[in-house]
Each structure stands twice: as structure tokens, then as C-alpha cells.
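Here is a short set of exercises to work through at your own pace. Try each task on the model before you read the solution below it.

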Amino acid sequence: MIQRSAVLALALPFASPVLAEGFLISPPLDCDLGTDCFIQQYVDSDPSSDAMDFTCAALSYDGHKGTDFALSSRGRIADNIPVLASAAGLVTGMRDGMADSGYTSENAAGIDGKECGNGVVLDHGNGWETQYCHLKQGSVSVTTGQEVALGDTIGFVGQSGKAAFPHVHLSVRKDGAVVDPFDPDGTTTCDAPGDSNLWAERPDYRAGGLISVGFADAVPAYDAIKQGDAAAASLPVDADALVIWGYMFGTRADDIVNLSITGPDGMVIADDVTLTKTQAQAFRAIGKRGRVDWPAGTYTGTVTMIRGLQIISQRSTEIEVK
């Protein structure tokens, strides 16, 4: 059932400069940003057909009107990760019942007009409003007219509506206009980041990073990586190959991804991969085929994202070959 259906569409005007007026919010997920969740997209600050986030970087897309707090894999939808009210308020709209099927060309017609998927809208008074989109089917736990406190669970993270990955899309509005909680008064410029924000504790900005890394005996299918099923728990000594892969967000053209494997006898393989385009998400992998049995023992895989002269993300993992 849809209540106040217009609430759950995402076609709203861009923000005009406003002041926070004492209204503060908290992240809609209780998770460790950079470890088991991450911010994939920010509000689009560019009114043209191009897109940029509040730092003038590319972590947004044209017309994006919220902040996307993403899970590390589709498999984590089953873990029922709570979506939390970012501030105390009154429920003024909700929807549930849409499948967590994500957005494809096959289901686009059925999602048209319901891009938010399963969602909730909260009124915080004085013209402030927050909206939470793409919640898990059957998880919305509040009803229209209900009062909620800061941090109350309003549903679980899903992939309903127009969602390419599992996340909660948080929109903030003042008098109907979209507000970027990282830059509510519109004073941020590329050369001089502003200090104004709506966060009680401002989340750190990450210009991209590693979502997960893992070992396999062959280059895994991208769908398995996104599902969270690609990492082998262990490998036999007669494995056809040793492969290390890295799953990333916010990649840019000319980023370098260094991947390496070391084992009981030292370095197995290492290589730099130069990325050729900017992407919301991507993965890269390298490996080495086994001509004889691999030495039994612990192998370490390390993936490093490098932008210019700066390491922006690095993760390591271990596996037992036995």
C-alpha cells in the first residue's frame, strides 16, 4: 500500500542556499563507514547535465538528490541491517511491498514513478524533512502518523526501487528543496571546502576505496563479487590458480590498482593495473596458474588503490592453502 505516493518519487528541485537553523542529523545506518559500509554517492552539486559531489569530485550522478549509504554486498540484505531515523520526527509517508530486485531494463516500467522503492518520510518540523529509500521488502516497521525518536529502527536496508546496489538513500529537504547535509548553505567551493554541515558527527569523506578483497582459484564472475560469494575460504594445493581480486567504489580514470600475493616461499605475483574510466563500482583481479602443487601454508593478498601519489585505500586478506 502506498501512502502519500508523491512523497516517494525523487524528482525534486535542487537546493538553494539555506542555513542549518540548529537541525542536525545522524547517519541512517549503525555501521563502520569504510569497513562494512560506505557512502557510494553524494548529492549532485552541479545544476548542469554534469555531476559532482560537494568536493567537486565525481561521487554523484546527474540529478542525484541524496546520500547513499551502501552495504558491502547484496548478500548482506539477508542480515537485516537496520535503517535508523536520522532525527526525531513524525512519519508522513511510507511504502512497502516492492521486491529487492534492483533496477533492470526488464523491470523499469514497473518501477516508473516508484523509484524510491520501499521507503519512509519523516517530518522534523520547521520545514525539515528526511526521506529513506530502497528499504528491504516487508521490513518497514513504522506507519503514517507515528512519532519516532532519533535512532529508532524504521526498516532494513534492501535494494527495492531504482537501486543498482543495496543501500539506503537519505534525502534531506527544507521547505521542499533538497539540501546537501555536507554543504547545507551552499558555500563549499572546490578550492575552499565549507565548514557548515547538518551532521551531529560529520562522516569522513572518502573519495573512493576498496569494498572487499578475496582469493579465488579463477577470476570470479562480477555478479558473485557483488553478491558476496566470490571469496574462497581455503584452497587446495592443487588449485588451478591463485587469484587475488579487489572490489572498489569511486574509481577514476588513471587510478592505479596494485594487487599482490605472497606465500610461504615469498612473492607469488604482483602487478599494477591502470584504470581507464571513472566508475561507481568496479573490480580487478590478477592471478598465477599452478604448474605444480602450491606450497602448503598461509598466503596473503593485498590490494592498494593509488590516485596520483596518494594511497587512498588498501586492504589485505589471508587464505590457507592445504
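**Exercise 1. A first disulfide**

Which cysteine forms a disulfide with Cys31, and how far apart are their sulfur atoms?

*Solution.* Some ground rules come before the steps. This is a predicted model, in which local features need pLDDT of at least 70 and side-chain atom pairs count only at pLDDT 80 or more, while totals for chains, interfaces and linings use all residues. Residues are numbered from 1 along each chain as its sequence is written, and side-chain values use heavy atoms, with hydrogens and water left out.

Step 1: apply the cut-off, by which a disulfide is a pair of cysteine sulfur atoms within 2.5 Å. The partner of Cys31 is Cys37, with the two sulfur atoms 1.9 Å apart.

Step 2: look at the torsion. About the S-S bond of Cys31 and Cys37 it is about 80°, so this disulfide is right-handed.

Step 3: check the surroundings, where buried means under 20% relative accessible area, exposed over 50%, and partly exposed in between (1.4 Å probe, protein chains only). Cys31 is partly exposed at 23%, whereas Cys37 is buried at 2%.

**Exercise 2. Completing the disulfide count**

Find the cysteine that is joined to Cys116, and give the handedness of the link.

*Solution.* Step 1: the search yields two disulfides. Cys116 is joined to Cys133, at an S to S distance of 2.1 Å.

Step 2: the torsion about this S-S bond is -105°, and the link of Cys116 and Cys133 is left-handed.

Step 3: place both ends, using helices (H or I, at least four residues) and strands (E, at least two) as DSSP runs numbered from the N terminus. Cys116 sits in the loop between α1 (108-111) and β6, and Cys133 in strand β7; the pair links distant parts of the chain, 17 residues apart.

Step 4: read off the accessibility. Cys116 is buried at 0%, and Cys133 is also buried, at 0%.

**Exercise 3. Strands and their partners**

Describe how strand β2 is paired, then work out the order of the sheet that contains β14.

*Solution.* Step 1: two strands pair if DSSP finds at least two bridges between them. Four bridges join β2 to strand β3 (residues 67-71), and the two run antiparallel.

Step 2: pick a residue pair. Cys37 faces Leu71 of β3.

Step 3: look at the cover on β2 (residues 37-41), where five of five residues are buried.

Step 4: turn to β14. An open sheet of three strands has the order β12-β14-β17, with antiparallel pairing. Both β12 (209-216) and β17 (279-289) stand at the edges with a single partner strand each, so one side of each has no neighbour in the sheet. From one strand to the next the twist averages 15° (axes are lines fitted to C-alpha atoms, for helices over the stretch in contact, and angles run from 0 to 180 degrees between N-to-C directions).

Step 5: zoom in on one contact. Seven bridges join β12 to β14, and Ala216 has Val243 of β14 as its bridge partner.

**Exercise 4. Charged pairs**

How many salt bridges does a search of the whole structure find?

*Solution.* Step 1: use the criterion, a side-chain nitrogen of Lys or Arg within 4 Å of a carboxyl oxygen of Asp or Glu. The search finds four.

Step 2: take Arg173 and Glu129, whose closest N and O atoms are 2.9 Å apart. Arg173 lies in strand β10 (residues 167-174) and Glu129 in strand β7, so the pair ties together parts that are 44 residues apart in sequence. Arg173 is buried at 3%, and Glu129 is buried at 14%.

Step 3: take Asp255 and Arg307, which meet at 2.8 Å, N to O. Asp255 lies in the loop between β14 and β15 and Arg307 in strand β18 (residues 297-307), so this pair ties together parts 52 residues apart in sequence. Both Asp255 and Arg307 are buried.

Step 4: add Arg76 and Asp79, which form a salt bridge at 3.4 Å, N to O. Asp79 is partly exposed, at 48%.

**Exercise 5. Backbone check**

Is His134 buried or exposed?

*Solution.* Step 1: recall that most residues other than glycine have a negative phi.

Step 2: His134, in strand β7 (residues 128-135), has a positive phi of about 70°. His134 is buried, at 3%.

Step 3: compare Asp254, with a positive phi of about 80°. Asp254 lies in the loop between β14 (241-251) and β15 (256-263), and is exposed at 61%.
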